[in-house]
Amino acid sequence: MTDDTAGPPPPGPRNRGRSSPKPGTMAWPASFLYRLAQWTSPHAALLITLALGLIPAVLLTFGSAEVYESVVESDGVALLDQPALDAAMAVRSPWMDGAVTAFTNLAGTVGMPILAGTAMLVLAWRWRSWTPVLLMVSAAAGSLLMTVAGKDLIGRTRPPLPDAVPPYEHSASFPSGHSLNSVVIAGMVAYLIILRLEARWAKLLTIAAAAAFALAVGLSRVYLGHHWFTDVLVAWTLGLAWLAVVITVHRLLHSRRAAALDVDAGP
């Protein structure tokens, strides 16, 4: 297998006079880096890529800290927890409870590994590349670590059992593991897919589908009374922050390799 998802390297000082890639032959991240390196240099493009990736990650991490603080102090966004649970209880029905339970299990400890593993293997096989395997394993490992560490450190109690839909869950509530994992896994699958898409509408549709899935999983946790709203909210922000870090590292590796190839090429 090879690692060829980012397309050919951007031109450096020694090959700027060469023809640019044909339209549609590269995914949008590689195309962006290509133009960025033309305007600056491969090394400057690497630094700009780092900033573009880490700034959202830092902001999302800060947002997660704000949610945590509101939970600890029982103010701010945490004041929405009980009203959100009350609203969910008001619209429940037997058939809806069953349907939402079946859906949320897709992002559970059994369903999500199956979905992630299947997507990873299919993409790796079709593209003859180790990239889907490395990125998916890295993303999933970080997501799992954040979920376990967060639950152990915070130890927040879930909503009262009488307000929840069975089967009941008894582990710590903060953050929502289902929500966090769905953001990371769906986001990573979407990222890998759009690397090979050419049509803008297809890329937007892929991103929208991933976002809708992660959003629906999070809302399902609140609907079932298995998590407070802030458990889901912090899972979304943490998941997006980690996703930004993993994608940024991937882009940086390609930028660095492109810069090295440019230096080695010579006149």
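Guide: Two residues are in contact when heavy atoms of theirs lie within 4.5 Å. The model discussed here is predicted.

Visitor: Which residues of α5 and α6 meet by that criterion?

Guide: From α5, the residues are Ala-116, Met-120, Leu-123, Ala-124 and Trp-127. Their partners in α6 are Pro-132, Val-133, Met-136 and Val-137. By class, this contact of α5 with α6 comprises nine nonpolar residues, with no polar and no charged ones.

Visitor: Why is α5 called roughly antiparallel to α6?

Guide: Helix α5 spans residues 111–127 and helix α6 residues 131–154; the two pack at an angle of about 155°, and their axes are 8 Å apart. An angle over 145 degrees counts as roughly antiparallel, and α5 is therefore placed in that class relative to α6.

Visitor: What makes α7 and α8 roughly antiparallel?

Guide: The axes of α7 and helix α8 (residues 200–223) cross at roughly 170° and come within 9 Å. Set against the cut-off of 145 degrees, that angle makes α7 roughly antiparallel to α8.

Visitor: Which residues form the contact of α7 with α8, and how do they divide by class?

Guide: His-178, Ser-179, Ser-182, Val-183, Ala-186, Ala-190, Ile-193 and Ile-194 belong to α7. They meet Lys-203, Thr-206, Ala-210, Phe-213, Ala-214, Val-217, Gly-218 and Arg-221 of α8. This contact has nine nonpolar, five polar and two charged residues. Lys and Arg count as charged, so Lys-203 and Arg-221 fall in that class.

Visitor: What is known of the loop between α6 and α7, where Pro-167 and Pro-175 are found?

Guide: Two cis peptide bonds lead to these prolines. The bond from Pro-166 to Pro-167 is cis, with omega near 5°, and the bond from Phe-174 to Pro-175 is also cis, with omega near 0°.

Visitor: What makes the backbone at Ser-74 worth noting?

Guide: Ser-74 has phi near 55°, a positive value in a residue other than glycine. Its place is in the loop between α2 (42–73) and α3 (81–90).

Visitor: Which helices line the second largest pocket?

Guide: At least two lining residues come from each of α4 (94–104), α5, α6 and α7 (177–194). Helix α6 gives the largest share, seven residues. The pocket has a volume of about 610 Å³ and a lining of 30 residues, among which Ala-107, Gly-108, Thr-109, Pro-113 and Asn-181 lie nearest its centre. The lining divides into 12 nonpolar, 14 polar and four charged residues.

Visitor: Why is an empty space called a cavity rather than a pocket?

Guide: A cavity is a space where a 1.4 Å probe fits but cannot get out, whereas a pocket is open. The structure holds two cavities of 30 Å³ or more. The second largest cavity has a volume of about 30 Å³, and its lining consists of Arg-158, Pro-159, Leu-161, Ala-164, Glu-169, Gly-225 and His-226.

Visitor: How do you know that this lining has two charged residues?

Guide: Arg and Glu count as charged, so Arg-158 and Glu-169 supply the charged pair. The lining of the second largest cavity also has three nonpolar and two polar residues. Since Gly counts as polar, Gly-225 is one of the polar residues.

Visitor: Where does UniProt place the feature "transmembrane region"?

Guide: The unreviewed UniProt entry places it at residues 44–65, 102–125, 132–154, 174–194, 201–222 and 228–249. In the model, residues 102–125 are 75% helix and 0% strand, with end C-alpha atoms 29 Å apart. Residues 228–249 are 95% helix and 0% strand, and their end C-alpha atoms lie 32 Å apart.

Technical notes. Residues are numbered from 1 along each chain as its sequence is written. This is a predicted model: local features need pLDDT of at least 70, side-chain atom pairs count only at pLDDT 80 or more; totals for chains, interfaces and linings use all residues. Side-chain values use heavy atoms; hydrogens and water are left out. Axes are lines fitted to C-alpha atoms, for helices over the stretch in contact, and angles run from 0 to 180 degrees between N-to-C directions. Helices (H or I, at least four residues) and strands (E, at least two) are DSSP runs, numbered from the N terminus. Angles under 35 degrees count as roughly parallel, over 145 as roughly antiparallel, 65 to 115 as roughly perpendicular and the rest as oblique. On a 1 Å grid over the protein atoms alone, a cavity is a set of points where a 1.4 Å probe fits but cannot get out, and a pocket is an open set with protein on both sides within 12 Å along at least five of seven lines; lining residues have an atom within 4 Å of a point. Grid points are joined across faces, edges and corners, and a volume is the space filled by probe spheres set on the points. UniProt positions are given in the numbering used here, feature names are shortened, and annotations may be inferred rather than shown by experiment.
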